[in-house]
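Please read the following walk through one protein model with the sequence and the coordinates at hand.

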Amino acid sequence: MCGIAGFLGTSVPRAERLPLLRRMVAAIAHRGPDDQGFHLDDIGAGLGHARLSIIDLACGDQPMSNEDGTVWIAFNGEIFNYVELRADLIARGHVFRTHSDTEVIVHLYEEKGPGCVEALNGDFAFAIWDTRRRRLMLARDRMGVRPLFYSERGGSLFFGSEVKALLAAGIPAELDAVALDQIFTFWSPLAPRTAFRGVSELPPAHLLLAGPDGVSVRRYWRLDYPDASDERAVTAGEERRLRDALAELLVDATRIRLRADVPVGAYLSGGLDSSVVTAIMNELAPEQLRTYSVSFENGEFDEAPFQDEMVRALGTRHRSIRVGAADVAALFPAVVRHAERPILRTAPAPLLALSRLVHDDGLKVVLTGEGADEAFGGYDIFKEAKIRRFCARQPDSKFRPLLLKRLYPYMPRIQGQSQRYLEAFFGFRADDIDDPLFSHLPRFRTTAGGKAFFCAELRAELRGYDALAELRDGLPPEFARWHPLNQAQYLETAHLLPGYILSAQGDRVAMANAVEGRFPFLDHRVVEFGARIPPNLKLKGLREKHLLRESMKGRLPPSILERTKQPYRAPDADAFAAPGAPAYARDLLRPPAVEAGGVFDPKAVGKLAAKLHERGSLGTRESMALVGIMSTALWQEAFTAASHRACHEPVHALA
């Protein structure tokens, strides 16, 4: 895992190119503290690299080239099938100087050009400079695990693993109003848009080509599902074959993600997904496995008893960090600096502390369970949509109240609400049933409640813009033919997963402490397998991840195997009113500070802040709004007000 940065173009004076490249790499040095490297081409191409050494520690320095120096690469990520690809390339006559996965990409590019990405099984973002064609290629992995940003200015193209590298190149930090509207709808901007005006994110499964003919971006892979009309009953024998095939595939996806020249650990939340990965790792790893987890002082969020059960079952060497609400508030400014966008939840904060624990324990790599819910139907939103469809068809059913309360057994506030409240909360509207976004409308509407706090000027700027309409317009043509569950899975996988979970809650808080996360469930073979599974084998009744559970019988304790999904959460708005919360939690919400930010209505925010500090907590909609308001102010403070200072401040996590 590493950080990359660079540029293409002659607008940068020759004498300033190396100093510029050094500044860009220095801005993301936390991603690769082991080494730095640079390559400059006479015609205006520059590649920079900050290395986190994991494979071929002695010889894997970058940027790296082929034998004659005509192809150069700066690479961030891991290619997990590099061993097999390397053997095939050697058989074709290629000569290798290293044992790194980076050099495999170089030779594969020589063979296939931009089509090389289709052979890669990995998490990657890389830049290739082809001197013969005078062409720069940027590429990003299928699922969006690794980030990559770019911006065009003054006739030159600048790129980097984080926006901080672009700011170091002189790209101005200005808030994109439409991106903020999207964040307050979907939790993240719709790629390629970012929170920074004029800065684009290369979307997952895309590559960019820049050269004499200009700049073009194209998709090289798309997640697809069978047509709903193709569905048929699944026999018991077919289910068994699918179950066994899934188990075999998960073992292989985990096996190749253990490839490293450094020790590999695991995050263990106590839920099904991380327990599956950890159990398989424990079978494959020859030495005692090291596992790590977060526990919470507040029992509503804490999963420590389940973590302890898995540790006892597997005999791992385990370390945990305990987090309180005030700790979350203390960590939150650093989270926003690393996320580089306003966020609506505080959940990344404990994970920032967890990555510090892993780093301090001497590890650089951990495997985690992300991706299982998206691929195999695990989220509550999938069950929620199924129940809402049932209720729309059966408005007089006596099961309506019971079904709604079954959705969130771990949320006491939901359990105590009336039927009328629950139906309003879950968005029962007769005209929603035909909306392609039906499954996600309650979430989007809840999130969008925060827009009520936008100031008049921002509302005027956004007048006529409809984030939901833009999302609908961007859906693939075949979307309408898919089963409703697959439609919901696509929305999660294509947007929330790369936009928030793998970004603010994944890569950014892990790489802040130079820790690489690897995700067996996001192996594209596993994702494609999950897409082909009949919907009733993913969500069977209200049993989420049915086939996954069946495939793991015998590997996990029954209590973990059959445990109902409990999404990872942390104290949100409550954290900023907790005893011991830092002073900024009040200061940023005071009317003068809100007015100076020019984004939110000071009077409305003042009332919300007063309500929080009077009660100590807020409801879901208001809590997300307050976290969004707070993170926007922190984003402005970090980037638009004092970007250079903020980019280089050390991250202070829990001891």
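The paragraphs below move from a sheet to one of its residues, then to the cavities, a pocket and some helix packing. The model is predicted.

We begin with the sheet. Six strands make up an open sheet with antiparallel pairing, in the order β2-β3-β1-β9-β8-β10. The edges are held by β2 (35–40) and β10 (200–201); each has a single partner strand, so one side of each is left without a neighbour in the sheet. Helix α1, residues 14–26, packs on this sheet and touches β1 (2–8), β2, β3 and β9 (156–160). The direction of α1 makes about 145° with that of β2.

At the β2 edge, the partner strand is β3 (residues 45–51), which runs antiparallel to β2 and is joined to it by 6 bridges. Strands pair in this way through backbone hydrogen bonds. Two of the facing positions can be named: Phe38 has Gly48 in β3 as its bridge partner, and Gly37 stands opposite His49. β2 and β3 form a hairpin with 4 residues between them. In the turn, Gly44 has a positive phi of about 110°.

His49 deserves a closer look. Is this residue of β3 buried or exposed? The relative accessible area of His49 is 1%, and buried means under 20%, so His49 counts as buried. Leaving aside residues up to four places away in sequence, His49 touches Cys2, Gly3 and Ile4, as well as Val25. Its contacts also include Asp35, Gln36 and Gly37, and the list is completed by Gln62, Pro63, Ala74 and Phe75. Ser551 is 502 residues from His49 along the chain, and the C-alpha atoms of the two are separated by 41 Å.

Next come the enclosed spaces. The model has 7 cavities of 30 Å³ or more. The largest cavity has a volume of about 100 Å³. Its lining consists of 14 residues, and those nearest the centre are Cys2, Ile55, Gln62, Asp101 and Thr102. Two elements, β5 (71–79) and α3 (101–112), give two or more residues to this lining. β5 gives the most, with 3 residues. By class, the lining of the largest cavity has 6 nonpolar, 5 polar and 3 charged residues.

Among the open spaces, the second largest pocket has a volume of about 600 Å³. It is lined by 30 residues, with Pro203, Pro204, Arg219, Ala494 and His495 nearest its centre. At least two lining residues come from each of β12 (214–219), α18 (467–473) and α19. Which element gives the most to the lining of this second largest pocket? The answer is α19, with 6 residues. The lining of the pocket divides into 18 nonpolar, 6 polar and 6 charged residues.

Helix α19 (residues 484–501) also packs with helix α20 (residues 503–511), at an angle of about 35° and with the axes 5 Å apart. On the α19 side the contact is made by Leu497, Pro498, Gly499, Tyr500 and Ile501, which meet Ser503, Ala504, Gln505 and Gly506 in α20. The residues of this contact comprise 5 nonpolar, 4 polar and no charged.

A last helix to inspect is α21 (residues 524–532), where His524, Val526, Val527, Phe529, Gly530 and Ala531 are buried. The buried residues of α21 pack against α6 (236–256), α11 (372–376), α22 (535–538) and α23 (546–551).

How values were computed: Residues numbered from 1 in each chain as written. Predicted model: local features only at pLDDT ≥ 70, side-chain atom pairs only at ≥ 80, totals over all residues. Heavy atoms only, no water. 1 Å grid on protein atoms, 1.4 Å probe; cavity = no way out; pocket = protein on both sides within 12 Å on 5 of 7 lines; lining within 4 Å. Points joined across faces, edges and corners; volume = space filled by probe spheres on them. Nonpolar A, V, L, I, M, F, W, Y, C, P; charged D, E, K, R; others polar. Pairing = 2+ DSSP bridges. Contact = heavy atoms within 4.5 Å. Axes fitted to C-alpha atoms, helices over the stretch in contact; angles between N-to-C directions. Buried < 20%, exposed > 50% of the residue type's maximum accessible area, 1.4 Å probe, protein only.
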